[in-house]
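User: Hey, can you walk me through this one? I'd like to start with the charged side chains.
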Amino acid sequence: MRIVHFIHNLHLGGAEILLKNTINLFPEYEHYIIYLERPDDLLKEVKNITDAVCLHHSSRRQLFSTVKKVRQLLVKWKPDIIHAHLFESTLIARFATPFKIPLISTIHSTYSIDAFQNSRK
C-alpha cells in the first residue's frame with residue numbers, strides 16, 4: 001500500500017511527532033511525505049520513507065500553484081490513500097486529490113485557532 005502523508009512542516013510538534021511515529025510503526029507500506037515548508041528537523045528521524053518533497057509554500061497566494069504541484073506528485077506516486085494533517089495541508093489536499101483516492105484528514109487543534117488566528121476579522 002502506498003500512503004501519502006501531507007503536513008505543514010516537519011518541525012518538532014505534536015502532529016509532526018505523530019506522523020513520524022506512524023510511519024516508523026508501519027515499515028511494510030510505502031510512505032511518501034509532502035510538506036508545505038521548512039523546517040524539516042524530524043525528516044532525518046523518519047525511517048522507511050520512499051520520498052519526501054518540500055513545496056516551499058510560504059503564503060496563501062500560492063494556493064493554486066501548490067495544488068498543481070500536489071496533483072503532479074499524486075499522479076507520479078499513485079497512492080492508495082492520502083493522510084493530511086492540520087488545516088492548511090488538509091485544505092490543499094482536498095483541492096488536489098482526485099475523488100477516487102481516499103483522503104483522511106486529521107486536525108490536531110481547534111479549527112478557530114489554527115485557521116483564523118492570523119485573520120484581521
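User: Which side chain does aspartate 40 meet in a salt bridge?
Analyst: That's arginine 38, with 2.5 Å from N to O. Keep in mind that this is a predicted model.
User: Is aspartate 40 buried or exposed?
Analyst: In between: it counts as partly exposed, at 21% relative accessibility. Arginine 38 is partly exposed too, with a relative accessible area of 46%.
User: How many salt bridges does the structure hold?
Analyst: Three. One of them joins lysine 20 and glutamate 45, at 3.7 Å from N to O. Lysine 20 sits in helix 1 and glutamate 45 in the loop between strand 2 and strand 3, so the pair ties together parts 25 residues apart in sequence.
User: And is lysine 20 buried or exposed?
Analyst: Buried, because its relative accessible area is 14% and the cut-off for buried is under 20%. Its partner glutamate 45 is partly exposed at 38%.
User: What about glutamate 30, which side chain does that meet?
Analyst: Arginine 2, at 3.2 Å from N to O. Glutamate 30 is in strand 2 and arginine 2 in strand 1, 28 residues apart.
User: OK, switching topic. How many residues are in the largest nonpolar core?
Analyst: It has 18, and those with the most contacts inside it include Phe6, Leu55 and Trp77.
User: Which element gives the most to that core?
Analyst: Helix 2, with six residues.
User: And what is leucine 55 in contact with?
Analyst: Leaving aside neighbours within four places in sequence, its contacts include Phe6, Ile34, Val70 and Leu73. Apart from this core lies another, of eleven residues, with Ile7 and Leu42 among them.

How values were computed: Residues are numbered from 1 along each chain as its sequence is written. This is a predicted model: local features need pLDDT of at least 70, side-chain atom pairs count only at pLDDT 80 or more; totals for chains, interfaces and linings use all residues. Side-chain values use heavy atoms; hydrogens and water are left out. A nonpolar core is a set of buried Ala, Val, Leu, Ile, Met, Phe, Trp, Tyr and Cys residues joined through side-chain atoms within 4.5 Å. Buried means under 20% relative accessible area, exposed over 50%, partly exposed in between (1.4 Å probe, protein chains only). Helices (H or I, at least four residues) and strands (E, at least two) are DSSP runs, numbered from the N terminus. Contact means heavy atoms within 4.5 Å. A salt bridge is a side-chain nitrogen of Lys or Arg within 4 Å of a carboxyl oxygen of Asp or Glu.
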